[in-house]
Amino acid sequence: MKLKILGSGREVGRSAILLIHDNCKISLDFGVKLQPEPPSFPIIPKEIDGIIVTHSHLDHSGAIPLLPNVNCYMSDMTKKLTKLLLIDFVKVARINNYHIGFSKKDVKLALSNSLIVEKDFIIKDVACKFFDAGHIPGSKSILLNVQGKNIFYTGDIKLEKQNLIDGCKLPKEEIDILIIESTYGDRDHNERSKEEDRFKAEIDETLNQNGIVLLPAFAVGRAQELLLILKDYIDYIAIDGMAKDATKIIMNYNLKSSTLLKKIFKRIKKVNTKKERERIIRKGSRIIITTSGMLNGGPAVYYIKKIYKRKDCKILFTGFQVEGTPGKYLLDTGIFRNEDLELHVNCPIARFDFSSHAGRSELFKIIEKLNPKNIICVHGDHCNEFAKDIEKKFGIKTFSPSNNEILEF
Ligand SMILES: [Zn+2]
Ligand SMILES: [Zn+2]
């Protein structure tokens with residue numbers, strides 16, 4: 001059996017790992033790398049029997065429409081969220097003049113060829129089983145049995161529970177090969193409850209000044225997590241952009257906090273038009289949750305243009321900012337810059353760590369629990385160092401392959 005790294009080898013983005021055995025080829029995820037622009041895709045395999053998608057984030061699902069006739073296997077919620085994100089991706093690509101090689105029609109065709117699976121399924125003679133990954137709503141890890149060998153691919157994973165979903169579930173089976181994400185292989189997260197307190201203190205200060213708190217957020221996962229963290233601020237919250245559509249999808253599934261999420265969503269202000277946006281800015285004393293999370297576009301940019309001079313307002317980041325994005329640049333320099341404008345931002349800016357990825361200690365705990373025979377580190381900027389640390393700590397043979405590399409077991 002062979003594993004070929006099509007993407008996410010020593011990088012974050014375009015997750016795609018090809019399992020090759022006898023006449024069977026299955027890709028574990030098939031994502032895109034959005035940064036640096038223009039987006040880049042994984043190596044495209046010639047013949048392939050199926051794609052298993054762990055979750056809707058585009059770095060795991062964004063290349064599916066390049067193979068619109070291949071069967072994709074994913075959870076029901078992942079299918080709905082993937083559709084939302086892929087259609088937006090096509091729209092953004094058109095606005096930015098990127099050639100991504102597929103259209104809205106391909107997105108629809110690819111998804112019509114996708115099979116909804118929630119737990120066990122079989123592709124040719126490979127037995128597959130989903131486990132909750134604890135990363136975002138609908139996210140799964142995959143256990144595959146190939147010729148009696150067990151492979152466990154984490155996808156993006158989190159061990160500790162979040163407000164919206166519980167932490168990951170791990171298999172009891174003996175694992176031969178663990179393919180593990182390594183996003184935070186080099187560091188731990190700040191303590192969550194302290195981080196939430198610090199976040200609310202910043203918000204209180206701004207609301208007391210009748211200012212606006214802008215929370216740029218990823219549509220899927222983070223926006224809903226923020227709504228739950230801010231459940232005591234319900235009358236101050238407005239939600240705008242794709243975060244709104246994603247929440248509408250997510251709250252209808254049976255999650256740990258869906259009842260509360262529904263209640264919150266019903267009461268908060270939903271912003272749809274330019275007029276409503278203007279009114280919110282005029283009125284003040286508002287918390288605005290909106291896309292895009294890294295300020296690449298979306299209503300977030302409109303709000304920045306309106307508040308950047310005001311010291312009584314605030315921009316609070318709660319998600320990872322990738323190098324090269326306007327969000328990262330603003331955090332580093334205090335300047336908001338995109339193709340059209342450059343603004344010296346006067347309002348205070350801060351960053352909070354509400355990550356939905358396992359931190360270094362959580363990753364170690366996952367490895368300890370699974371105690372696999374071999375480990376492959378992917379989806380990280382420091383996979384090589386992390387692999388060395390794992391070998392030293394656990395004495396388990398660990399690989400950190402680059403893209404296009406093939407490992408044989
Ligand atoms: Zn993800
Ligand atoms: Zn990812």
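Is V92 buried, exposed or partly exposed? Hold that thought for a moment. First, a caution: what you see above is a predicted model.

Now V92. This residue sits in helix α2, which runs over residues 76-96. Its relative accessibility is 33%. Buried would need a value under 20%, and exposed a value over 50%. So V92 counts as partly exposed, because 33% falls in between. One distance to go with that. Take the C-alpha atoms of V92 and N69: they are 24 Å apart, with the two positions 23 residues apart along the chain.

Next, the overall layout. The protein chain splits into two domains. Domain 1 comes in two segments, 2-187 and 356-408. Domain 2 covers 192-351. Between the C-alpha centres of the two domains, the separation is 28 Å.

On to the contact between them. Domain 1 puts in 23 residues, and domain 2 puts in 26. How much area is buried between domain 1 and domain 2? About 2,100 Å². Carbon and sulfur atoms give 62% of that. Three residues stand out on the domain 1 side: Q35, N163 and L164. Together they supply 33% of the area that domain 1 buries against domain 2. No other three residues supply more.

What about polar chemistry at this interface? Nine residue pairs are in polar contact between the domains, counting pairs where both residues have pLDDT 80 or more. Look also at the classes on the face of domain 1 that touches domain 2. There are nine nonpolar residues, seven polar and seven charged. As for salt bridges, the rule finds one across the interface. While we are on salt bridges, look at K256 and D166. Their side chains form one, at 3.4 Å from N to O.

Last stop: H379. Where is H379 placed? In the loop between β20 and α12. Strand β20 spans 374-378, and helix α12 spans 383-394. The relative accessible area of H379 is 2%. The cut-off for buried is under 20%, so H379 is buried. Set that beside V92, which is partly exposed at 33%.

Who surrounds H379? Leave out residues up to four places away in sequence. Its contacts then include S8, E11, V12 and S15. D59, H60 and D156 are also among them. So are E181, S182, T183 and H357. One of these neighbours deserves a closer look. The side chains of H379 and H60 are joined by a polar contact of 3.4 Å.

Notes. Residues numbered from 1 in each chain as written. Chains lettered and ligands numbered in written order. Predicted model: local features only at pLDDT ≥ 70, side-chain atom pairs only at ≥ 80, totals over all residues. Heavy atoms only, no water. Domains from an automatic or database assignment. Contact = heavy atoms within 4.5 Å. Buried area = accessible area lost by both parts, 1.4 Å probe. Salt bridge = Lys/Arg side-chain N within 4 Å of Asp/Glu carboxyl O. Polar contact = N/O pair within 3.5 Å; in protein donor to acceptor, adjacent residues only side chain to side chain. Nonpolar A, V, L, I, M, F, W, Y, C, P; charged D, E, K, R; others polar. Helix = DSSP H or I, 4+ residues; strand = E, 2+ residues; numbered from the N terminus. Buried < 20%, exposed > 50% of the residue type's maximum accessible area, 1.4 Å probe, protein only.
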